[in-house]
Structures are given as C-alpha cells and as structure tokens.
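Me: Please pick one part of this structure and look at it closely. Keep the sentences short and explain each term as you go.

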Amino acid sequence: MQDMISMAIDLHLIFIAATLVLAFINLFLVSTDLEYVKFTKKIEFVSPQYYILLSAIAFTGIVILGAEGLVFSFEIFLMIIVWIVIVFLSVKKHKMFKKTAPNSIESNESFKAFAKKKYLIDMVLMLFVICIVYLLRGL
C-alpha cells in the first residue's frame, strides 16, 4: 500500500512539474508577437494538454487522499482551493479566447494581457503551494 501511495505522490509531482512547464510555454507564447493565425493554432494545441494535466493532478490527488484515509489537512485544503482557482481562471481564459475577434487588435491585446496574468498567477500559486507543503511537512 505504501508503494502505491509513494508512486501516486511521484506522479502527482510529475504532473505538477509538467503543468508548470506548460504554463511557462503558454506565457512565452502569449508574450511573443505572433500573427493571429499562428498564435491561435499554438494556443489551441497547448491548451488541451494543460487541461489534461490539471485533470491528472486532481485525479492523483484524489487517489492519494483516498489511500491515506480521507484525512484533510491545511495543506490538502490549500491544494484544493488553488486547483479550483486555476480551473476557474482557465475557463475564464478559454471563454475570452473564444470571444476574441480575429481582426480586432484590441480584443487580441486584452486577451494576451489577461492570459499573461493568468499564467503568472498559475505559476505563482503552484509554487506557493509547493513551498508551503514542503515547509509544513519538512520534506
């Protein structure tokens, strides 16, 4: 049983690291000046992978939580809240992306500004939770 929990925690951390890498890639894509068609193709390619990783983080978190007897702590509550915030911002970003007009420079710039803030917030929140968990658990 302990091997399963250890493997699930390792997978959880791998998914978090991959999500951080994709957030950085998305931040880079949003920060570069690309023409609209190239930009949308790249965002539409990377965004589903980001959502899949968020789902994998939730799934492995639920597996770990169940394997450890559904014991909630401050760290677990914090992880859940941060995951909900990231998913909420991702949905908001996706809706804004779908409403962005191809020929409107203003809507493209407002989307890019929101997406930059969103990915920075995602990375800061994930790194904050990682630091808090490791500080409180002493690992």
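Reply: Angles between helices under 35 degrees count as roughly parallel, over 145 as roughly antiparallel, 65 to 115 as roughly perpendicular, and the rest as oblique. The model is predicted, so local features need pLDDT of at least 70 and side-chain atom pairs pLDDT 80 or more, while totals for chains, interfaces and linings use all residues. Residues are numbered from 1 along each chain as its sequence is written, and side-chain values use heavy atoms, without hydrogens or water.

The part to look at is helix H2, residues 36–67 (a helix is a DSSP run of H or I of at least four residues; strands are E runs of at least two; both are numbered from the N terminus). H2 has 32 residues. From first C-alpha to last, H2 reaches 46 Å, close to the 46 Å expected (1.5 Å times one less than the number of residues). Just after H2 comes glycine 69, with a positive phi of about 85 degrees.

Now set H2 against helix H3, residues 74–99. Their axes come within 11 Å and cross at roughly 160 degrees (axes are lines fitted to C-alpha atoms over the stretch in contact; angles run from 0 to 180 degrees between N-to-C directions). That makes H2 roughly antiparallel to H3. The crossing of H2 and H3 is left-handed (the near helix is turned anticlockwise from the far one by less than a right angle; clockwise would be right-handed). Residues of H2 in contact (heavy atoms within 4.5 Å) with H3 include Phe39, Ile43, Tyr50, Tyr51, Leu54 and Leu65. On the H3 side, Trp83, Ile86, Val87, His94 and Phe97 are among those that take part.

H2 also meets helix H4. The axes of H2 and H4 come within 14 Å and cross at roughly 30 degrees. H2 and H4 are therefore roughly parallel to each other. H2 passes H4 in a left-handed crossing. From H2, the contact uses Tyr36, Phe39, Ser47 and Tyr50. From H4, it uses Asn108, Phe111, Lys112, Lys118, Tyr119, Asp122 and Met126. Phe39, Ser47 and Tyr50 also belong to the contact with H3.

Follow three of those H4 residues. Asparagine 108 sits in H4. With a relative accessible area of 15%, asparagine 108 is buried (under 20%; exposed is over 50%, partly exposed in between, with a 1.4 Å probe and protein chains only). Beyond its neighbours within four places in sequence, asparagine 108 touches Tyr36, Thr100, Ala101 and Pro102.

Lysine 118 and aspartate 122 form a salt bridge (a Lys or Arg side-chain nitrogen within 4 Å of an Asp or Glu carboxyl oxygen). Their closest N and O atoms are 2.2 Å apart. The structure holds one salt bridge. The two residues are four apart in H4, residues 105–137, so about one helical turn separates them. An α-helix has 3.6 residues a turn, so residues three or four places apart point the same way. Both partners are buried: lysine 118 at 1% relative accessibility, aspartate 122 at 0%.

One more neighbour is helix H1, residues 2–31. The buried residues of H1 include Ile5, His12, Ile16, Leu20 and Leu27. H2 is among the elements that cover the buried residues of H1, and so is H4.
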